[in-house]
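Biologist: I'd love to go through the aromatic rings and one of the helices with you. Could you take me through them step by step?

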Amino acid sequence: MAALLGSALKAGRFARAGVRLFCTNNAATPKITTHWSVLPRDKDSRWSDVDMERVSDEVDVCIVGAGPAGLSAAIRLKQLAQQQDKELRVLVLEKATEVGLHTLSGACLEPHALDELIPDWKDRGAPLHTPVTEDKFMFLTEKRAIPVPILPGLPMHNSGNYVVRLGNFVRWLGEQAEELEVEVYPGCPVTEVLYHEDGSVKGVATSDVGIGKDGAPKDSFERGMEFHSKVVIFAEGCHGHLAKQLYKNLDLRKNCEPQTYAIGLKELWEVDPAQHKPGKVEHTVGWPLDRMTYGGSFIYHLGEGEPLVAVGYVLGLDYSNPYISPFKEFQRWKHHPAVKPTFEGGKRIAYGARALNEGGFQSIPQLAFPGGCLIGCSPGFMNVPKIKGTHNAMKSGMICAEAIFDKLTDENLQSETQGVFVDDYEQRMKDSWVWKEIKSVRNVRPSFHSPLGLYGTLLYTGVFYYLFRGKEPWTFSHGGADYKRLKPASECTPIEYPKPDNKISFDLLSSVALSGTNHEGDQPAHLTLMNDEVPVNQNLGIYDGPEQRFCPAGVYEYVPMEDGKTMRLQINAQNCVHCKTCDIKDPSQNINWVTPEAGGGPAYNGM
C-alpha cells in the first residue's frame with residue numbers, strides 16, 4: 001500500500017531558506033508560485049512525456065482527516081457493521097506522518113461524545129488523566145487582574161471536563177479505530193476531489209511526490225493514488241483545503257454567512273513545581289488587546305506526572321489594525337503581573353499555532369451533497385464561548401456515520417446520482433444536542449461587533465445568555481468575512497512590541513523550531529499566489545505587508561530586490577505550521593494554502 005500511495009518520506013531539516021526566484025520577462029516581478037494548481041501541467045512542456053495515470057482502489061467509505069471527527073466517524077461505522085454483521089470497508093487518510101502529529105488544541109475536553117462513542121474509555125486507557133479541579137477567569141488591565149465569577153450554567157464552567165493533550169487523545173482514538181479494522185493511512189495528504197460525470201463526488205486523490213521547486217518533475221516523480229468511494233467524509237479540520245473546493249464547486253455556502261475565524265497559539269511549559277496545580281483551568285480577557293479586538297488566553301495545568309502547563313492565546317481574525325501581530329501579543333501577555341509568575345523559572349518545550357472556526361450557528365454550510373459529507377471543524381461546530389469543539393466534532397462524525405451506515409445497508413437503496421447522497425445527515429444533526437448547543441450560543445461571538453466591543457460580549461454572556469440560554473428570538477450577524485475588515489495602514493498606528501527576554505517571551509524563529517516543522521526543501525511552495533504581483537502592489541502598498549505579522553511561523557517576508565529600491569515577497573514555505581491563517585486573513589485573498597508533499601508539516605507530538 002505504501003508504494004501505491006507514493007508517500008515515502010524524505011529526510012529534511014528546519015530551515016529559513018526562501019523559495020527560489022525565477023524571473024519572468026518583467027524583471028521587476030519575480031516568479032514566486034510554481035505549483036501545479038496555479039500553473040497547469042498541461043500547459044507546461046516539461047510534463048508532456050510524463051505518465052500521469054494513477055492507481056485506484058475502491059472502498060465503501062473514505063474519510064479525509066484522522067482527527068477527532070474523522071476517527072469518531074470511522075469507529076462508529078465499524079461498530080455498527082460489527083453489531084449488524086455487515087461488511088464495510090472504511091479507510092482514513094491523514095496528511096501527518098503519524099496520527100495526532102498535526103493535532104493542536106488547548107485542550108479542555110468535555111467527555112459527552114466520548115461517553116457515547118466508547119463508554120468504557122477509562123478501562124481502555126484513554127489519556128484523560130486530569131479532571132478539572134479549579135476554574136478561574138480574569139479580566140486584565142495593564143497592571144491588574146479582576147476576578148470574574150464563573151457560575152454553573154455559563155459556557156466557561158468546566159466541572160466534569162478534563163485537561164488533555166489532544167494529540168495524545170487522537171492517537172488513542174486511532175488505535176481504537178484500528179482495533180475495529182479501520183484502515184488508517186498516515187503520511188497520505190489528499191490534494192484533489194474527484195467527481196463523477198453527473199457532478200457527484202467520486203472519491204479523492206493523494207498527493208504526487210518528486211516535483212522540484214521549479215515545478216518540473218524530478219527523476220523520483222511518483223503519481224498519487226485515487227480512492228473511489230460510495231461516500232467521502234471530509235474531516236480536514238478548520239479551513240480545509242478540499243472543503244474550500246467543495247464550497248466553491250457545489251455552492252455549499254449559499255445559505256449561510258461567511259465563516260469567521262481566530263488564530264490560536266500554544267506553548268507547552270515545564271514549570272516550577274511550586275507553580276503547578278494539576279486540574280487548574282485559567283482564562284483571561286482584556287489586556288494587552290483593546291476592547292475592539294477579540295481575544296483571550298488559557299492556562300491549563302496538566303496532571304501527567306511532570307509539572308506541565310499548556311498555555312495559549314486566541315485572537316479573532318476579524319481585527320482591523322494591520323500592524324497587529326498575534327504572536328507578539330501572546331508573548332507580551334505572558335509578562336502580565338498575574339500571569340508571569342506561573343512561568344518564572346520554567347522551561348518552554350513546545351510551540352504551535354492553528355486557526356479555529358468562530359462562526360458557529362450562522363456559518364454552518366450545507367453538510368451533505370451527492371457523494372460526500374462535511375463533519376467536525378471543517379464545517380465548524382465549535383462552541384466559541386466555551387472554547388471547545390472536540391465533543392461537537394466527535395458527535396457530528398458519529399451522527400454522519402449512523403446516517404451513512406443506514407443508507408448504505410438499505411436493501412432498497414436508490415440514488416439519483418452515482419455518488420450516494422446521505423440526505424438525512426443534516427436533519428439528524430439538527431435533531432441532536434450539538435445543534436441545540438451551538439444555537440444557544442449563536443449571539444455571544446457576534447455581540448462583540450457593537451460599539452462596546454469586548455464589554456458588550458461580557459454583558460451579553462452574563463445577562464442574555466445566562467437568562468435566556470439562547471432562546472432569545474433574534475440572531476446577530478457576524479458582519480462579513482475576516483479578510484475584509486483590515487484597514488489601510490495609513491489609517492492605523494504601528495504597534496511597538498517589547499523585545500523578548502528569552503525567559504518568558506521569545507522570538508518567532510526559535511518558537512517555530514520547537515514545533516518540529518519540516519518540509520522537503522526541493523518542492524514547489526504550498527503557499528501559492530494566484531497572482532505574483534499582488535503582494536507588493538496591494539498588500540505591501542496598502543496594508544504594509546500584514547502577512548509578515550499575522551503568520552505565526554515567519555513564512556512571509558518582504559525583502560529588498562537587488563536594485564535596493566524595490567521590494568519582493570519571499571515565502572519561507574519550510575517554516576509553515578499549517579495553521580491556514582494566511583489563507584483566511586490575506587486582504588487580497590490571493591494566497592491559497594494547498595497540501596505539501598507527503599511528510600511535510602509540524603510534529604506536535606502530543607500538543
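Modeller: Gladly! One term first: a residue is called buried when its relative accessible area is under 20%, and exposed when that area is over 50%. Please keep in mind that this is a predicted model.

Biologist: Thanks! Is F343 buried or exposed?
Modeller: The relative accessible area of F343 is 1%. The limit for the lower class is 20%, so F343 counts as buried.

Biologist: How many aromatic pairs does the structure hold, and what kind of pair do W269 and F343 form?
Modeller: The total is 15 aromatic pairs. For W269 and F343, the ring centres are 5.0 Å apart and the planes make an angle of 55°. Planes under 30 degrees apart would be stacked and those over 60 edge-to-face, so this pair is classed as tilted.

Biologist: How many residues apart are W269 and F343?
Modeller: W269 belongs to strand 16 (residues 261–270). F343 sits in the loop between helix 6 (326–333) and strand 20 (347–357). The pair therefore links distant parts of the chain, 74 residues apart.

Biologist: Which residue joins W269 and F343 in a cluster?
Modeller: W269 is itself buried, at 0% relative accessible area. Ring pairs link W269 and F343 into a cluster with F506.

Biologist: Of F361 and W435, which one counts as partly exposed?
Modeller: These two rings form an edge-to-face pair, 5.8 Å centre to centre with 75° between the planes. F361 lies in the loop between strand 20 and strand 21 (368–369) and W435 in helix 9 (residues 433–440), so their pair ties together parts 74 residues apart in sequence. W435 has 13% relative accessibility and counts as buried. At 22%, the partly exposed residue is F361.

Biologist: Over which ring does the charged end of K585 sit?
Modeller: There is a lysine over the face of W593, namely K580, at 4.3 Å from the ring centre. The charged end of K585 is 4.4 Å from the centre of another ring, that of Y319.

Biologist: Now for helix 12: why do its buried residues V534, P535, N539 and Y543 lie on the same side?
Modeller: These four are buried in helix 12 (residues 534–543). On the other side of helix 12, N537 and G541 are exposed. The buried residues share a side because they cover an arc around the axis of only 80°.

Biologist: And which residue follows helix 12?
Modeller: The buried residues of helix 12 pack against several elements, including helix 13 (547–550) and strand 24 (556–560). The residue after helix 12 has a positive phi, near 60°, and is D544.

Notes. Residues numbered from 1 in each chain as written. Predicted model: local features only at pLDDT ≥ 70, side-chain atom pairs only at ≥ 80, totals over all residues. Heavy atoms only, no water. Phe/Tyr/Trp six-rings, centres within 6.5 Å; stacked < 30°, edge-to-face > 60°. Helix = DSSP H or I, 4+ residues; strand = E, 2+ residues; numbered from the N terminus. Buried < 20%, exposed > 50% of the residue type's maximum accessible area, 1.4 Å probe, protein only. Lys NZ or Arg CZ within 6 Å of the ring centre and 35° of its normal. Arc of directions from axis to C-beta. Contact = heavy atoms within 4.5 Å.
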